[in-house]
Amino acid sequence: ANAPDSVFSASRAMTHLVELARAPRPLGSPEHLRARGWLENRLRELDLDPTIHETVSLRQGPRGAVSFHLRNVLARIPGTDPTGAVLLLTHYDGVPHSPAAGDDGTGVVTTLEVLRALQSYGPLRNDLIILVTDGEELGLLGARAFVDEHPWMDDVSLVVNLEMRGGSGPAILFETGVDNGWVIERVKAADPSPYAPSIATDIYRRLPNDTDFTPFRQRGVQGVNLAAIGDGWVYHTPDDAPANISEATLQHMGMRALALVREFGNADLSSPGAPDQATQYLPGIGLLSWPVAWSPAIGFALLLLWLVAAVPSFQRGGRSGVGLILGIGGSLLVGAVGYGGGEALLLWIPRFHPEFDYLLPVVYGEGWYLLALAFAVLAGTLAFLLGVRRAEGVLPIFSGAMLLPMMAAVAASFVAPLAAPFLQVAVGAGLVALLIRALSPLPLRESGVGRWVTLALVLVPALVSIGAFVPVTELILDGVSFRMAGAIGVILAISMITLLPALEPLGYPNRLWAPGAALLLGVLCVLGGMRLGGASEDRPLLSTMIHFHDHESGEAYLATRTDTGMEWATVVTGFEWEPDGERVAGEALAAYPVPLETPIGDLRAGSAPGEVR
């Protein structure tokens, strides 16, 4: 909290977050009104002159029309020699029943702390527009209204949007506009190590999700979208409270936002577009980027690299095609272990996790099952190595095993160039390791200094391959959850295959302990997930209770979902619930008729036994 004025401080921002996210603030609620007034006062304390963009939004749907009264909060800081305006964007409304500390209280308090820190640097070259929208949770209503109606929209050249879908993890730059080459170069200039893998953009574009940045992107406005997605179980729940928001995440988000606003605020915004760039983040190295147009050439280079590595492999290990066939079969076997193991875990997990399929992650503590799957794939890979350890042509076998990952990387280079970089980097590193192994005269079968020299040389590209796969695997787990276990298993299998030259010593001379130990660790991780994962007092099961009022008949009902929440609903109300889907529009709910004047009461705490929340 006593950090210099010129830097972003999560401690200062967290003080604001505790005040903002003290209760749910859905549009139209008293807390929503209080939050807007609080935000205006904080902006005035920063010597800004906030204005309210007030409008009415009408949405037409299959069940009728709904009207919303919106109030966006705006402020503007003039630049010294503007070439356009940077829009710093977030939203202050939340979903019902959630304090909305993460989504999007973090965006609001990050904006306030960024504005405070900016005062230490003097004015920016370009205008800075602050837009804190209303009605985002109801369909991006405030952002759409600004884009369609507000006169400042004509000045906006670039958008920095701050979002959150969870409570922890790094601030990921997960979306840009099209033709993002100029933006990526500015991002790299602002941040020495931005977490901006383009596979995140590719995944997000395939999901049916939108943020306030969407209306701007649809209008052709360039920009960046930042969000953290760890601990997704707090998203849109009563647990999205300040106590469950990581200060490290808030610090990372604020540092990134401050750096980007300063970079874009002082840049020439007259033409913020250039051909798309593909990117890949490597821990310890930073962000690698290249034009998407290079992707086909990179694919051909990988094919050539495989041929260059395969030729000396066959010269040293024999020219027979048997090794090639064995390698292809081995890679298929490891891939089958990955996919089958993932799907088997998806069938196993619901037996021990009643929260399955009701959370944004599949279950609480699903990282245990990711580790279990990784160890299972490692065990399959080591078993394959054990099976071919006596083969004279082990290098052709490795070449054959690398063939399918190489083909996958080449195909991705043409079909999905934004998603391809992690495969291109990892497979390329694996092929370099294979080439080093094939050209090295120092054997790995025998002990001695030569073995360790060769292994050390092979480990360097192996670490690059691991660095490409680990962040992407974590990103997929947090982004689309363990529901994609089969696909995650295949990705882990490709990763293990690229590591074959580095794993080779574990197959000599007859080391059953290696696959056995990996399998045992996998089993222990499954047991850890069963014992340490799952619901607890700090990570409750989810339920919903709704009060329905039929205005024509005068009848009223309480309804709850027919899942694990039934136990909680029975304890709280004392009702014997009976499924009655027709009363509640065919939903899979249980309904109970009550007098219209029945008080609902406060069920948040102390109304049920300690093990039921």
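**Exercise 1. Which strands and which helix do the buried residues of H5 pack against?**

Two ground rules come before the solution. The model is predicted: local features need pLDDT of at least 70, side-chain atom pairs count only at pLDDT 80 or more, and totals for chains, interfaces and linings use all residues. Residues are numbered from 1 along each chain as its sequence is written, and side-chain values use heavy atoms, with hydrogens and water left out.

*Solution.*
- Step 1: fix the element. Helices (H or I, at least four residues) and strands (E, at least two) are DSSP runs, numbered from the N terminus. H5 covers residues 181–190.
- Step 2: pick its buried residues (under 20% relative accessible area, 1.4 Å probe, protein chains only; exposed is over 50%, partly exposed in between). They are Gly181, Trp182, Val183, Ile184, Val187 and Ala190.
- Step 3: list the partners, where contact means heavy atoms within 4.5 Å. The strands are E5 (156–162), E6 (172–176), E7 (222–227), E8 (277–282) and E9 (286–291). The helix is H8 (247–265).

**Exercise 2. Describe the surroundings of Thr498.**

*Solution.*
- Step 1: place the residue. Thr498 belongs to helix H15, residues 485–498.
- Step 2: check its exposure. Its relative accessibility is 1%, so Thr498 counts as buried.
- Step 3: find polar contacts (N or O atoms within 3.5 Å; within protein, one able to donate a hydrogen and the other to accept it; residues adjacent in sequence count only if both atoms are side-chain atoms). The Thr498 side chain has one with the side chain of Ser465, at 2.8 Å. A polar atom of the Thr498 side chain also lies 2.6 Å from the backbone oxygen of Ser495.
- Step 4: add contacts beyond four places in sequence. These are Met402, Ala426, Val427, Gly430, Ser465 and Phe469.

**Exercise 3. Is Leu463 buried or exposed?**

*Solution.*
- Step 1: locate Leu463. It sits in helix H14, residues 449–480.
- Step 2: apply the cut-off. Leu463 has a relative accessible area of 57%, so it is exposed.
- Step 3: relate it to Leu499. The two are 36 residues apart in sequence, with C-alpha atoms 8.8 Å apart.

**Exercise 4. Characterise the whole chain.**

*Solution.*
- Step 1: count elements. The protein chain has 18 helices and 13 strands.
- Step 2: note burial. Of the 613 residues, 54% are buried.
- Step 3: note contact range. Among contacts with a separation of 6 or more, 79% join residues 24 or more positions apart.
- Step 4: give the box. The C-alpha atoms fill roughly 80 × 70 × 50 Å along the principal axes.
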